Amino acid sequence: MVQKNLIDGEWIAGSEAFRNINPSDTNDVVGEYARASAEDARAAIAAAKAAFPAWSRSGILERHAILRKTADEILARKDELGKLLSREEGKTLAEGIGETVRAGQIFDFFAGECLRLAGEVLPSARPNIGVEITREPIGVVGIITPWNFPIAIPAWKIAPALCYGNTVVFKPAELVPGSSWAIVDILHRAGLPKGVLNLVMGKGSVVGQAMLDSPDIHAITFTGSTGTGKRVALASVEHNRKYQLEMGGKNPFVVLDDADLKVAVEAAVNSAFFSTGQRCTASSRLIVTEGIHDRFVAAMGERMKGLVIDDALKAGTQIGPVVDESQLNQDTDYIAIGRQEGAKLAFGGELLKRDTPGFYLQPTLFTEATNAMRISREEIFGPVASVIRVKDYDEALIVANDTPFGLSSGIATTSLKHATHFKRNADAGMVMVNLPTAGVDFHVPFGGRKGSSHGSREQGRYAAEFYTTVKTAYTLA
Ligand code: ADP
């Protein structure tokens, strides 16, 4: 059965379909999904536009009930949805279920936020005049998401968009339509009026581009590559629309001489290799001071030897496959580049064979890398990290900040002085002390600086900044 797109409250088949393939076993077809056309995208935008006046004035209890019901169903079905997610994306079952729970928590959080909408009442600078400051929805929000968090990223964009009274046109990544289809189905059955949320699965160059080119989309929130982010930005300037971008990272993880070695190695392995290194918050630059360098590298090697790389759905698997062939080629190209640049391939780097045909790659660690190498400057988006040796904390901080990106930044240290200094001086949106650079909470701001992000923060109460526009009203008493 082909899973359809949702346009104006109707499930629409369209003329084409595409297959969702399991990267752990390429013989396994997860499902077939209707491929939307540019025309479908325009119909979805028109439906969202028509639905906006009523939804923007809907009662907070209606919105609360729909988001709450959605949260409850996602949480009740966490094992099944988590399995679907692991099957289509390749992260382990535990990671898939964890991400699904997080999506449920996000809907729960924004169900609560509907009940806390508030403004301000102030005296005017002039006598006998009152001033009210309120937040209003923006209009039609375009949501474009990547493949690496198939349910959490759609959740953290759709939930606040609906909570604050916007209507939505949602285009998920083509590699992982299953999780997106599932949450749209849940929201639809939870009682969203027609046209409030529209799903258009399909190609970025067709469906995504039709969204960028539409004057009727008032805001676009995008997570994906730097190149596409730039297109979103340019098109949004053209249409004078609000936009928010979450793009790449080249996140540093600093290890100081005084670090607890075990804590440092666990955090580094998690940051670099869990979720197959396919997280924008993954750390691919391990910046290590001289005194601990050799012990750290040896301990990483030991720890990496024990990692279980296999089918994402198998019990005991710690690292699943790479998401698809083109990403695998990108990873192996960068491994070749690292060698050519003179970094030492210390561990891993081999393709692996398992019981089923899949995109299995050994986690890979380079040593003797410099921060000027391409493997230290460009986002690889795979289980590939390099160790950069530095003299001391001061040099570590300089190297950590010397990158075009600025999403997350971590440090392993037992020194309060260095931890405090690093928190203040890391040029990143998120800082982690003795924790992996990836793995963030659902109720606090998420986002970065420099080439990683543009616009206001996602998640938590800070999401209101993007999904609303402020009105200041004056009344003569
Ligand atoms: P990734 O490397 O994560 O696939 P992309 O930026 O290519 O990064 O994809 C992120 C999202 O952007 C996907 O949903 C993709 O389909 C969409 N996309 C790709 N090209 C365009 C485009 N020209 N216009 C709008 N969206 C696009």
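## A bridge between two strands

Pro123 has a bridge partner in strand 7, and that partner is Gly130. Keep in mind as you look that this is a predicted model. The pair belongs to a bigger picture: strand 6 and strand 7 (residues 129-137) run antiparallel and are joined by 4 bridges.

## The sheet around it

Zoom out a little and you'll find an open sheet of 3 strands, in the order 6-7-21, with antiparallel pairing. Strand 6 (120-123) and strand 21 (468-476) sit at the edges with a single partner strand each, so each has one side without a neighbour in the sheet. From one strand to the next, the twist averages 25°. As for what holds such things together, strands of a sheet pair through backbone hydrogen bonds.

## Helix 9, end to end

Now over to helix 9, which covers residues 261-273. How far apart are its end C-alpha atoms? They are 18 Å apart, and that agrees with expectation, because 13 residues at 1.5 Å a residue should span 18 Å.

Both ends have something to look at. At the start, Asp260 puts a side-chain oxygen within 3.0 Å of the backbone nitrogen of Lys262. After the helix comes Ser275, with a positive phi near 55°.

## What helix 9 tucks away

Which residues of helix 9 are buried? They are Ala264, Val265, Ala267, Ala268, Val269, Asn270, Ser271, Ala272 and Phe273. The cover over these buried residues includes helix 10 (290-305) along with several strands, among them strand 13 (251-255), strand 14 (283-289) and strand 16 (364-369). Strand 17 (384-390) and strand 18 (408-412) are part of that cover too.

How values were computed. Residues numbered from 1 in each chain as written. Predicted model: local features only at pLDDT ≥ 70, side-chain atom pairs only at ≥ 80, totals over all residues. Heavy atoms only, no water. Expected span 1.5 Å × (residues − 1). Buried < 20%, exposed > 50% of the residue type's maximum accessible area, 1.4 Å probe, protein only. Contact = heavy atoms within 4.5 Å. Polar contact = N/O pair within 3.5 Å; in protein donor to acceptor, adjacent residues only side chain to side chain. Pairing = 2+ DSSP bridges. Axes fitted to C-alpha atoms, helices over the stretch in contact; angles between N-to-C directions.
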